[in-house]
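Q: I would like a close look at a single part of this protein, followed by an account of how the rest of the fold is arranged. Please work from the structure shown here.

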Amino acid sequence: MLTSHHDNHQGSPTALLDDATDPTTHVLVVGAPGPRLERLTRTLRATGHDVTHAPPGEVDRRMGHAHPDAIVALDDPYGYTAPGTAADHETGLEVIREVRTAPAGRALPLLMVTATPEPADVVDMLRQGADDCIPEASDPVELSARIEAKLRRVPVPVESLLRDPRTGLYSRPHFLDELDRELQRPEAARHGGVLAVVGIAEMAALEARLGPRVRREVAERLAGVAEKLGSFCDRLGRDDDGHLLMLLPGVDEETAHRGLTKFAAAVAGTRFIVADENVRLTPAIGWLPLTGCADGTQATAQAEDAVQEALRHRDLRPVRYAPWMRGAPHRHRRPPLGALIRPVLSALSPVLALLLGVAVPFVLYQQAYTLGWDLGSAMYWVVVGGLVLSALLIVLECLFSLDATARPAEPGAPYPPASAVIAAYLPNEAATIVDTVESFLRLDYPNELEIVLAYNTPHPLPVEDTLREIAVRDPRLVLLPVAGSTSKAQNINAAVTRVRGEFVGIFDADHHPAPTAFKDAWHWLSNGHDVVQGHCVIRNGESSRVAELVAVEFEAIYAVSHPGRTRLYGFGVFGGSNGFWRTDLLARTRMHGSMLTEDIDSTLRALGEGARFAVDRTLISRELAPTTLKALWNQRSRWAQGWLQVSLKHLWRGLVSPVFTARQKLGLFVLLGWREVQPWLTLQILPILLYSAWKAGGFTHLDWAVPVCVLAVLFTLAAGPVQALFAWRLAVPELRSRRRWFWSYFLVSTVFYSHFKNMVARQAHLKEALGDRQWRVTPRAAAKAVAPR
């Protein structure tokens, strides 16, 4: 053990002092009073050091008074523990954290004196910030020499270096120096350039659990991903908050945005080891072009403001800085004229649709006829052909749905841990959410199944107390309030890095999955698929005529159209509620809250990466339908506008993508292109009839018995009954027994509902053109359910 030279050192005291450091060297010894501390103090003084003592918890204060040159600490400040025990090791780490957390202790040499150091313990202490580690049984002269070596070469914190020698990251001050140098170059010589700051949504939770060291480790992990992606960024730094700072000189905005997007997806799709934990990270990227920037500190602060906006959405999309992110005064100015006119035009959208779809074509046909072109007659055949094609596609979907691919009989791998994510807006879901949670807790799954309720609410609600009581009773329920969330997408994005399951089922707050839903989903996912979409069944069809109509329509959608399209075109196109995703795929895909149908957008983006989607009509989850015509209108308006957004964003990309086959591209054209044209095409019947009557001299002069037209009309009208028949044939048992519902659907759909949906689609097009993207939440209430049979 380290003792005075009288006990352990051969030679005189004078010889020993000759070998010692300058007698004015001041060493602060950290340790609890006791024999070990006394022996260490005697040894240091005997080797020529001035020694003061700091008990645990007093290091910062004693350093302020004593101003030591070095610190020597015992690894067990709270008293002796058995060498090599967990307590022994842990208290040593606590001493290091205490010293390095104190501002005055960051740059001082720190030597740990251990009882019997194990290699793993030494590694941990060095990683935590110790400069050296020496066994207590070492020669006193060796301890003195080690102190002297550290004093001759004082350790420099990484933050004080120009660049971290291990990672190559600039410290924030030096990064800002580099940025300022770049900004001082003439803009003509800079050729653009972009500054980006990367934050991590999980940083606060990681730091609370693992300590401040994670800030540096996270920045290092992010830098490693950036370096693997290539040379789109050649200068990287980090700050004390764990942000990664990225300088992209000579890069145009489009290239920078593309590179940052790729970087975000790579980070989200990687599992990192941070502080010995396996974690998933959500990067939030704020950026701005260097053009027009004059001050590096201000530019970095603006990029950090954009990071805060990106953190709200957690959808991996880089956010370009805008002045309003700093609460700029323009927010309080008079709104522009367009913002005042838009609500009026939206309210008049049915009238606008008639003007654009009927009046304008009628005038166009008239004027073309006066110029010698019978455009109206040509359009007549286009419309007839379009209606026949639409009916043919419906019939084909029905026929292909009969032989939809069956679910694999056995899983391809053992059942792994799984997670369910329920996205909820509590004020809208308060009446149903407890019943929903209880139904999930009754699910049958042979491995761990966690239920994550990711919710937002503008104010506390009594139902939250009930939910907390359930969570205490059953730890499988995890309550995840998402502060600042304004969409289902944000709730899911917040949950995806929290879940522990290998796959995730996504549900709305009114869904009640079948008991074996997660087992059945794994049969698909373990046999080569990445996503499987189940069959959503309406459980409150008896609540109203509207709910009854939607119940049958959902059978036509989920039992007929989705399986038929999947087999016809070679891919599934929906991964929303009652959709099951591999967690890794969902983590790097995320959902975009700016899209009104965020699940379809996510599906198309995943398909574009080569993911495999399946549709299974036997994978059941029961949900609530709107019960009023107004609620149905609002729901279908959002769906129609969301589909339009997806079509505008993905149709051309899909048609030119090498990932999709020719058959799949045909399916994309039908699902994303033809579906947007068809509502306006059907409306052309009116201006063509008006034009034909005008040209013939009145309606009484028209020949209504043209054989081709009669056959086309009959075939088009037959598509509705065919779809209703197939929906009944493939419906779940509790709905197949309701034959009256299917007859009602056939009649209402033929006479009214098809026209209703076309009106909704046309209005949605006009709303999107006007920039009206308001989300109208579908109200939900507990209602009498259709009992499963």
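Which residues are buried in α27?

A: The model is a predicted one. In helix α27, the buried residues are Pro687, Ile688, Tyr691 and Ala693. The helix covers residues 685–696, and its 12 residues should span 16 Å at 1.5 Å a residue; the end C-alpha atoms lie 16 Å apart, so the expected and the computed lengths agree. Just beyond α27, glycine 697 adopts a positive phi of about 95 degrees. As background to the pattern of burial, an α-helix has 3.6 residues a turn, so residues three or four places apart point the same way.

The setting of this helix is a protein of 789 residues, of which 53% count as buried. The secondary structure amounts to 30 helices and 21 strands. Among contacts between residues at least 6 apart in sequence, 77% join residues at least 24 apart.

Another helix, α30, spans residues 739–770 and holds glutamate 768. With a relative accessibility of 12%, glutamate 768 falls under the 20% limit and therefore counts as buried. The side chain of glutamate 768 makes a polar contact of 2.9 Å with that of glutamine 641. Setting aside residues up to four places away in sequence, glutamate 768 touches Gln641, Leu644, Gln645 and Arg773.

The nonpolar interior can be described next. In soluble globular proteins, nonpolar side chains tend to be buried together. Here the largest nonpolar core contains 84 residues, and Val421 and Trp581 have the most contacts inside it. Helix α22 (residues 545–569) supplies the largest share of this core, with 13 residues. A second core, separate from this one, has 34 residues, among them Ile200, Leu210, Leu281 and Trp287. Beyond neighbours within four places in sequence, valine 421 is in contact with Val452, Ala454, Ile492, Ala495, Val499, Val504, Gly505, Ile506 and Phe507.

Several of the strands pair in the antiparallel sense. Strand β17 (residues 503–508) is joined to strand β20 (residues 579–582) in this way over 4 bridges. Within that pairing, phenylalanine 503 has arginine 582 of β20 as its bridge partner. Strand β19 (residues 531–538) also pairs with β20 in the antiparallel sense, over 3 bridges. There, glutamine 533 stands opposite glycine 579 of β20.

A parallel arrangement is found in an open sheet of 5 strands, whose order is β2-β1-β3-β4-β5. The edges are occupied by β2 (50–54) and β5 (132–135); each has a single partner strand, so one side of each is left without a neighbour in the sheet. On average, and with direction ignored, neighbouring strands of this sheet are turned by 25 degrees against each other. Strand β1 (residues 26–30) pairs with β2 in the parallel sense over 5 bridges, and leucine 28 has threonine 52 in β2 as its bridge partner. Helix α7 (residues 140–152) packs on the sheet, where it touches β1, β3 (70–74), β4 (110–114) and β5. The direction of α7 makes about 175 degrees with that of β5.

Notes. Residues numbered from 1 in each chain as written. Predicted model: local features only at pLDDT ≥ 70, side-chain atom pairs only at ≥ 80, totals over all residues. Heavy atoms only, no water. Helix = DSSP H or I, 4+ residues; strand = E, 2+ residues; numbered from the N terminus. Buried < 20%, exposed > 50% of the residue type's maximum accessible area, 1.4 Å probe, protein only. Polar contact = N/O pair within 3.5 Å; in protein donor to acceptor, adjacent residues only side chain to side chain. Contact = heavy atoms within 4.5 Å. Core = buried A, V, L, I, M, F, W, Y, C linked by side-chain atoms within 4.5 Å. Expected span 1.5 Å × (residues − 1). Pairing = 2+ DSSP bridges. Axes fitted to C-alpha atoms, helices over the stretch in contact; angles between N-to-C directions.
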